[in-house]
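Reader: I would like a close look at a single part of this model, and at what surrounds that part. Please keep to one connected account and give the cut-offs for the terms as they come up.

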Amino acid sequence: MGAEIGPSNIEAAFLLEALKKGTRVDGRGIYDYRTLKISCGPTYGLAEVQLGQTRVLARVSCEVTRPFPDRPTEGIVLFNTELSSMAGFGLDSSRSSTQEVAISRMVERVIKQSRAIDAEALCILAGEKVWTVRIDVHFLDHGGNLIDAASIAAIAALRHFRRPDVTVDGEEAIIHDVRERNPVPLSIHHTPICVTFGFFGSAGDMLVLDPTLLEEQVQVSSFTITLNSHREICALNKAGGIPLSPDQIQRCTQVALAKVDEVNEKIQLALKASTA
Amino acid sequence: MTRPDNREASHLRAMHCSLGQLNRADGSAQFTAQNTSVVCGVFGPVEAKVYEEKLDRAVVEVKFRSDIGSSTTKDKWVESAIRSTFEREILAHQHPRTLVQINIQLRESDGSVDSAAINATSLALVDAGIPLKSMISAATCAVLSDDVVVVDPTQEEIDAARSVHTFAFANPVSDSNKQGPLYVDSRGNFTMDEYNHCYDLCVLAAERVLAFMRTAIEGKVTKEAKINTT
């Protein structure tokens, strides 16, 4: 009980046969994303991403705290992802499987360790007061490829977020109420976006972009590449599965480059729509 | 007296809801009152774990997750409040040895969160087709420091309020004088008169919320019926 029941043999065989003919079960091309819907607001720092049947909610918030003693001039970025039972019955953070941990880790690493957020811009008074930015990612519906949806939601929420303005007068920091002075956006260096591929067949010779839940259960290996809009690679992740050739990685990177531009455009549109 | 959002004291915020937007859940609903928004996903009746199953009835489990930060004691309190409210209204004996799991996720909070959560849960249970004795609707009101009572307060009003009251009623709400409320949560300093006044206001507000929820469900059912006949 509780554990995910995989697809039946017939379903899996059908998926593989169709893929051999270049068709996917849901009718997409192998390099197509599912319909991506991003909505931001009305509250600052709220973004909901719908990627086909997958639904992820990201919420960004901030508060004033003391900095870490070894980094007195840097703000703190906290990340919280929980795979809740809402996303699918039996999924629970208390007994998370390795796969679930991997998802949370990946998204956290992409945002935090690629230093997407300018931590020094979050400093108010060195050694005294800094902003702690908190990103909560809630998975509402698990329809496969949570990593991509979560990274898009987190980036959209961060870009949508506004923190209260602060003025420093000597040793005094005044935090202005949102109604008193327009809140300011976070300083974000770049926007890393994850693009995930699933590999099928005994040699991993068939690949698809944005695997659905069914495809995730059948795939023999997965590969996530994280790129930003400057066409830089921020993270690569291929944890386990069958070995892949360097050619395949090259091919994935080329496809991912095009997809990241599309996704960034969509985020831009969603942000514009929320302010209009 | 003007409220920050220019509502009249007895006016609810504009409500919005959508049903069945989650795919994995058996039933789901999103209930929004301007900047307070809650998503609820219901699984059930599903197989219960051996150690928690009850031989004669379904077990109701509620999980509440806040929008910001990990779960706190207050979230646990909301969980137990919602569970005890709905446990009596779900016809649990029809599904013995099973589990009904209610997952509530707060999207954004701007006051009156517990009543929004109850309303969302009610809608999601109907969407999931869980047998219910009746639908439940809830409303919140607050007594401000100048003795003015406002319905459906925002967070700003709650922070300034002397007392805050939330009531939930079974359908039909007008019978509530005989039946009494299903859920009461009163916090702060208040007199009995104030309490009674809040009760009456919440009865009216809950009636309106229920009417709204009914139209939402009717809309969805007629839409589905049309698809089936064509």
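Author: The buried residues of helix α5 of chain A pack against β1 (36–40), α3, β11 and β13 of chain A. Here a residue is buried if 20 or more other C-beta atoms lie within 10 Å of its own, exposed if 12 or fewer, and partly exposed in between, with C-beta atoms placed from the backbone. Contact is set by C-beta atoms, placed from the backbone, that lie within 7 Å. Helices (H or I, at least four residues) and strands (E, at least two) are DSSP runs, numbered from the N terminus.

This is a predicted model, in which local features need pLDDT of at least 70 and side-chain atom pairs count only at pLDDT 80 or more, while totals for chains, interfaces and linings use all residues. Residues are numbered from 1 along each chain as its sequence is written, and chains are lettered from A and ligands numbered from 1 in the order in which they are written.

The buried residues in question are Cys252(A), Ala256(A), Val260(A), Val263(A), Ile267(A) and Ala270(A). An α-helix has 3.6 residues a turn, so residues three or four places apart point the same way. Helix α5(A) covers residues 246–275, 30 residues in all, and its first and last C-alpha atoms are 43 Å apart. That is close to the 44 Å expected at 1.5 Å a residue, the expected span being 1.5 Å times one less than the number of residues.

Two of the partners of α5(A), β11 and β13, belong to an open sheet of four antiparallel strands in the order β12-β11-β13-β14 (chain A). Two strands pair if DSSP finds at least two bridges between them. Strand β11(A) (residues 193–200) and strand β13(A) (residues 221–227) are joined by seven bridges in the antiparallel sense, and Phe199(A) stands opposite Ser221(A) in β13(A). At the edges are β12 (206–209) and β14 (233–237) of chain A, each with a single partner strand, so one side of each has no neighbour in the sheet. Neighbouring strands are turned by 20 degrees against each other on average, direction ignored.

Helix α3(A) (residues 146–160), another partner of α5(A), lies across β11 and β13 of chain A and runs at about 175 degrees to β11(A). Such angles run from 0 to 180 degrees between N-to-C directions, and the axes are lines fitted to C-alpha atoms, for helices over the stretch in contact.

Technical notes: Contact = placed C-beta atoms within 7 Å.
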